[in-house]
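Please open the model in your viewer and keep the selection panel at hand. The stops below go from single residues to a contact between chains.

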2 protein chains.
Amino acid sequence: MPIRIAVDTMGGDLGPDVIVRGAIQYLLDKTSDGTELIFVGPRETIESILTDIKAPDDRTSVENADDVIAMDASPTDGIRKKGASLVVAHRLVKDGKADAVVSTGNTGAVLASAMFNLGRIEGVSRPALASHFPTSNKKPCLVLDVGANSHCRVDHLLEFAYMGSIYFSQIMNVPHPRVALLSIGEEASKGNDLTVEAHRRLSSSSLNFIGNVEGRDLLSGKSDVIVCDGFVGNIILKFAESIRGFLYGKIKRQISSNPFSRLGAILMGPFLRRIHKTFDYSQYGGVPLLGTNGITIVCHGSSNALAVMNAIRVANDAVAKEINKHINDQLSSLRPVGQSARETGSE
Amino acid sequence: MPIRIAVDTMGGDLGPDVIVRGAIQYLLDKTSDGTELIFVGPRETIESILTDIKAPDDRTSVENADDVIAMDASPTDGIRKKGASLVVAHRLVKDGKADAVVSTGNTGAVLASAMFNLGRIEGVSRPALASHFPTSNKKPCLVLDVGANSHCRVDHLLEFAYMGSIYFSQIMNVPHPRVALLSIGEEASKGNDLTVEAHRRLSSSSLNFIGNVEGRDLLSGKSDVIVCDGFVGNIILKFAESIRGFLYGKIKRQISSNPFSRLGAILMGPFLRRIHKTFDYSQYGGVPLLGTNGITIVCHGSSNALAVMNAIRVANDAVAKEINKHINDQLSSLRPVGQSARETGSE
């Protein structure tokens, strides 16, 4: 059975051409055997791009959708558009015709459409966005939530911890990921009401909880999964993403003013490119939304072809590793017998 | 009238020798005329260091204090030690014998001692720690609170905004600093309950409020002062401080494995040193605690002599620019007539 990924071709800043090309790039990778792409958007436009780049016919198809949700639309208004490419893509998953959605559209609308069309996994009250951060080790660290929930309760952080641990364990092949809670001191008593109580609950959970970590530990590689509320998580994610531009602005100015530095930069080229990659979000492709009945990968609006290619890879891996089945098994076993997700979940 | 700075010589990780040497280094700067240092700690130890480095007798004195507050002591226990160097230093300010305190001790204890011994400025319900962040422009940006208050209310953020604006304006000679609120979207409606309401209040304040900024704007130079609660602020400060070590770990590994990179690094030396300085907290010296009746500069426990020298400069400037008088004037004018700080402040 192939893995079928619905690619929302509309909503990105760079237009469908970049998205389709990036996605097809993934198919050219030999590890992608068994993956099929369903491009969702205006049929004629997409078919002309596919013909243009000689995309493999047997592994691609088009699902027509003429509407698009504007980047500045309110998420709830947006998902009322039944003909919007994003909504059509999620309906494909809902109807069992696709396994995952990759979208570069308005993040709020992507979250709303996933929640509305796919629903939550039993046991999950709040789906979360999980982003990789580079570390001093070879393995990145998974931080969640990075922006799906600006108000969080202790139960939510606990769910994030389980979902993050399951995802990291499956994707990185690490049996018992080290899970940490982001706070402002290592002691259990440090932080705010939310983190103090979350620390207590995480300590008595079945997770490999290593305690609180501080802001300095985001890059240290001390933990595999770091849990925080979506307000803090979104701020640190966007801060981290800005470091690359900040450093490169400084390097450019120096190179243009100093010939020694220019030569030095050439000699250090491979290294500078590696640092550039470290903080380049397009290397990570997109962030998975964990906790809905179906995989959704949320990409930057400004995603380039490389980012889209990597996002397809993230979607493919999440489906192949059956992330949602594992989340369902684990989180439903946490619920008291006879209680449904709706009863334990806190809205 | 000289500016008299009480230097807490105990509590730092590197011992009194480093602290005394760093402080004296400041006196050697010709702009320091009119500044006097009072070293607080064990008299014999300090006098022997001062003799050793031939410190100027007429501008230094020693105030004996034999106790020290351990780095892991609880702040409230710590400040009960009347003979602790930190407490003695704050009492010097309280008694009008010094204008400012510089301490590398346990941050919690420094905050508690400042609050307990100096009290709050009228109109301030929560003193805040204000830290400089590097930006793409020449001027750094002031972020507060970076850790004095892990639970904040809207009134507190408003006070932080006023105090930060006054401090930035005085220290950087900028008449109307651009004040921003850290959130997860530029729209007024984005964020959590705290930021949405704070946005509304800041918009109708007399400040030059430019709206919400996101994590990516911390380094962008888009604003002069960024306001956030101390939980978020502390996490981003520690994250920012960790970037230097992260980058230099990568550079070191590359240089040791690749001779071209090694030569490149030598040619790029001045640039690499500048980047190193950009994220080096010792360049900024220490962070002022704004809002108590007396200036306190809080330094890292691991502060080196350079950091201490710069912290003395920060203390000196804050006294010279009469920061507290300006905060008092501005914040007391915001209070409804007839109400005391205690009545309007929220505990």
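Which backbone oxygen does the side chain of Ser303(A) reach? In this predicted model, select Ser303(A) together with His300(A): the side chain of Ser303(A) comes to 2.7 Å from the backbone oxygen of His300(A).

Staying with that selection, trace the backbone to either side, and you will find that Ser303(A) sits in the loop between strand S11 (295-298) and helix H11 (305-320) of chain A. Ser303(A) counts as buried because its relative accessibility is 2%, where the cut-off for buried is under 20%. To display what surrounds Ser303(A), add Leu14(A), Val18(A), Thr104(A), Tyr281(A) and Val308(A), which are its contacts once the neighbours within four places in sequence are left aside.

Next, move to Ser223(A), a residue in another loop of chain A, the one between strand S8 (209-213) and strand S9 (225-227). Ser223(A) has a relative accessibility of 2% and therefore counts as buried. With its neighbours within four places in sequence again set aside, Ser223(A) is in contact with Cys141(A), Arg178(A), Ala180(A), Ile210(A) and Val213(A), so that selecting these five residues shows the surroundings of Ser223(A).

Now bring both chains into view and select the contact between them, to which chain B gives 48 residues and chain A gives 48 residues. The area buried between chain B and chain A is about 4,500 Å², and carbon and sulfur atoms account for 74% of that area. Highlight Phe231(B), Phe239(B) and Phe246(B), for these residues supply 17% of the area that chain B buries against chain A, more than any other three residues.

For the polar side of the same contact, select Lys238(B) and Glu214(A), whose side chains meet in a salt bridge at 2.3 Å, N to O. Across the interface of chain B and chain A there are two salt bridges by the rule applied, and the count of residue pairs in polar contact, with both residues at pLDDT 80 or more, is six.

Finally, colour chain B by element: helix H7 (193-203), helix H8 (230-257), helix H9 (259-267) and helix H10 (269-278) are the elements that each give two or more residues to the side of chain B touching chain A. Among them, H8(B) gives the most, with 16 residues. If you recolour that side of chain B by residue class, the residues divide into 26 nonpolar, 15 polar and seven charged.

Note on methods. Residues are numbered from 1 along each chain as its sequence is written. Chains are lettered from A and ligands numbered from 1 in the order in which they are written. This is a predicted model: local features need pLDDT of at least 70, side-chain atom pairs count only at pLDDT 80 or more; totals for chains, interfaces and linings use all residues. Side-chain values use heavy atoms; hydrogens and water are left out. Contact means heavy atoms within 4.5 Å. Buried area is the accessible area (1.4 Å probe) that two parts lose on being put together, summed over both. A salt bridge is a side-chain nitrogen of Lys or Arg within 4 Å of a carboxyl oxygen of Asp or Glu. A polar contact is a pair of N or O atoms within 3.5 Å; within protein, one must be able to donate a hydrogen and the other to accept it, and residues adjacent in sequence count only if both atoms are side-chain atoms. Helices (H or I, at least four residues) and strands (E, at least two) are DSSP runs, numbered from the N terminus. Ala, Val, Leu, Ile, Met, Phe, Trp, Tyr, Cys and Pro count as nonpolar, Asp, Glu, Lys and Arg as charged, and the others, Gly among them, as polar. Buried means under 20% relative accessible area, exposed over 50%, partly exposed in between (1.4 Å probe, protein chains only).
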